[in-house]
Amino acid sequence: MKILIIRHGDPDYSIDSLTEKGWREAELLSKRLCDENITSFYCSPLGRAKDTAKPTLDKLEAITGTRPKVEILDWLREFPASIDLDQVKLGAPVGTPNMRCPWNMPPQYWSTRPEFFTPDWRENELYQADGCKVVETYERVVAGYDELCARHGYRRLKNPDGKPGYIYEKSPDAETAQTLALFCHLGLGNALLSAVTGIPLPLFWKSFFLPTTSVTTLLMEENPLYPNRPQARVIGLGDVSHLYAGGEPTSSSGLFCEIV
């Protein structure tokens with residue numbers, strides 16, 4: 001089984017849709033996805049993700065005569081939790097607002113917190129503050145992802161400590177050739193990758209970037225020595241080859257600087 005984690009196109013956040021560039025990106029993406037033999041489509045409830053999926057669905061309907069069914073999953077919406085980080089205390093100019101977006105915290109903070117490099121990242125002071133729901137939201141996303149995989153015949157096994165592990169049990173009737181497409185977002189996509197790789201969430205957020213309409217591919221890899229016990233392996237991260245092929249530059253949306 002393959003899982004495609006697809007970030008939405010260049011966004012117009014004011015209307016929760018796409019910019020003109022974003023629509024061009026989505027069109028180029030659709031040409032690629034029509035060749036992916038996708039068997040199941042899932043999407044965030046937000047407009048920019050739905051609009052990114054639309055050109056692909058339109059093309060497949062024209063090819064097959066039937067519009068693919070898309071299931072909207074609330075846990076695929078952009079990661080809906082914030083932090084409260086006083087950047088002035090880190091040396092930012094007086095008057096700089098507190099940081100709210102959890103995947104935009106500056107390296108002046110995250111790189112100096114040793115817990116962010118370990119399974120103890122949940123114990124960080126920001127995440128333990130009253131009203132912060134980063135950990136709670138992350139656990140809900142992981143549960144949603146695990147339920148989806150189980151629905152398709154891949155049940156994540158638990159470690160001896162009772163926490164989700166990195167090995168799955170493949171059911172005898174699971175279809176190996178199925179491909180799932182998940183249209184979602186930058187912060188949410190990185191949260192999913194943290195869940196399947198074991199890389200601490202804040203470290204993944206700050207170390208990896210998923211460009212708009214990028215395709216990240218997970219493969220349920222089976223070692224023949226351990227039949228029906230696959231692991232989720234990343235075989236492509238943030239791929240935008242469809243944009244290069246169409247002469248469309250990569251968007252810097254989500255970065256503090258331009259991609260040059």
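**Note on the pockets, sheet and selected residues**

1. In the lining of the second largest pocket, helix α7 provides the largest share, with 3 residues. The structure under review is a predicted model, and the points below should be read accordingly. The volume of this second largest pocket is about 200 Å³. Two elements, α6 and α7 (201-207), each give two or more residues to its lining.

2. The lining of the second largest pocket can be given in full. It is made up of Trp103, Asn104, Leu186, Asn190, Trp205, Lys206, Ser207, Phe208, Phe209, Gly254, Leu255 and Phe256. By residue class, 7 of these lining residues are nonpolar, 4 are polar and 1 is charged.

3. The largest pocket holds about 430 Å³ of space. It is lined by 20 residues, and those closest to its centre are Pro119, Arg122, Lys163, Pro164 and Tyr166. The class division of this lining is 10 nonpolar, 3 polar and 7 charged residues.

4. Which elements supply at least two residues each to the lining of the largest pocket? They are α5 (134-151), β7 (164-170) and α6 (186-197). The largest share, 3 residues, comes from α5. Helix α6 therefore appears in both accounts: at least two residues of the largest pocket's lining come from α6, and α6 also gives two or more to the lining of the second largest pocket.

5. The sheet comes next. It is open and consists of 6 strands in the order β5-β4-β8-β1-β9-β10, with mixed pairing. The edge positions are taken by β5 (70-72) and β10 (231-239); each has a single partner strand, so one side of each has no neighbour in the sheet. Direction ignored, neighbouring strands of the sheet are turned by 20° against each other on average. As general background, strands of a sheet pair through backbone hydrogen bonds, in either a parallel or an antiparallel manner.

6. At the β10 edge, the partner strand is β9 (residues 215-221); the two run antiparallel and are joined by 6 bridges. One of the paired positions is Glu221, whose bridge partner in β10 is Gln231.

7. Helix α2 (residues 47-64) lies across four strands, namely β1 (2-7), β4 (40-43), β5 and β8 (179-184). Relative to β4, helix α2 runs at about 155°.

8. A separate antiparallel pairing joins β6 (residues 154-158) to β7 through 4 bridges. Within it, Arg155 has Glu169 of β7 as its bridge partner. The hairpin of β6 and β7 has 5 residues between the strands, and Gly162 there takes a positive phi near 90°. Strand β7 is also one of the elements that supply at least two residues to the lining of the largest pocket.

9. Two residues of helix α6 merit attention, the first being Leu188. Leu188 has 0% relative accessibility and therefore counts as buried, the limit being under 20%. Beyond its neighbours within four places in sequence, Leu188 contacts Trp75, Leu76, Arg77, Glu78, Phe79 and Val141. Trp75 is 113 residues away from Leu188 along the chain, yet their C-alpha atoms are separated by 8.7 Å.

10. Gly189 likewise belongs to helix α6. Is Gly189 buried or exposed? Gly189 counts as buried, because its relative accessibility is 0%. Its contacts, with neighbours within four places in sequence left aside, are Ile5, Cys184 and Leu210. Gly189 and Ala53 stand 136 residues apart in sequence, with a C-alpha to C-alpha distance of 16 Å.

11. Thr179 is placed in strand β8. At 3% relative accessibility, Thr179 counts as buried. Outside the four places on either side in sequence, Thr179 is in contact with Lys2, Leu4, Glu36, Asn37, Ile38, Thr39 and Ser40.

12. Asp16 occupies the loop between β2 (11-12) and β3 (17-18). Its relative accessible area of 24% makes Asp16 partly exposed. Not counting residues up to four places away in sequence, Asp16 touches Leu46, Gly47, Arg48 and Asp51. Asp51 is 35 residues from Asp16 in sequence, and the C-alpha atoms of the two are 9.3 Å apart.

Notes
Residues are numbered from 1 along each chain as its sequence is written. This is a predicted model: local features need pLDDT of at least 70, side-chain atom pairs count only at pLDDT 80 or more; totals for chains, interfaces and linings use all residues. Side-chain values use heavy atoms; hydrogens and water are left out. Two strands pair if DSSP finds at least two bridges between them. Axes are lines fitted to C-alpha atoms, for helices over the stretch in contact, and angles run from 0 to 180 degrees between N-to-C directions. Contact means heavy atoms within 4.5 Å. On a 1 Å grid over the protein atoms alone, a cavity is a set of points where a 1.4 Å probe fits but cannot get out, and a pocket is an open set with protein on both sides within 12 Å along at least five of seven lines; lining residues have an atom within 4 Å of a point. Grid points are joined across faces, edges and corners, and a volume is the space filled by probe spheres set on the points. Ala, Val, Leu, Ile, Met, Phe, Trp, Tyr, Cys and Pro count as nonpolar, Asp, Glu, Lys and Arg as charged, and the others, Gly among them, as polar. Buried means under 20% relative accessible area, exposed over 50%, partly exposed in between (1.4 Å probe, protein chains only).
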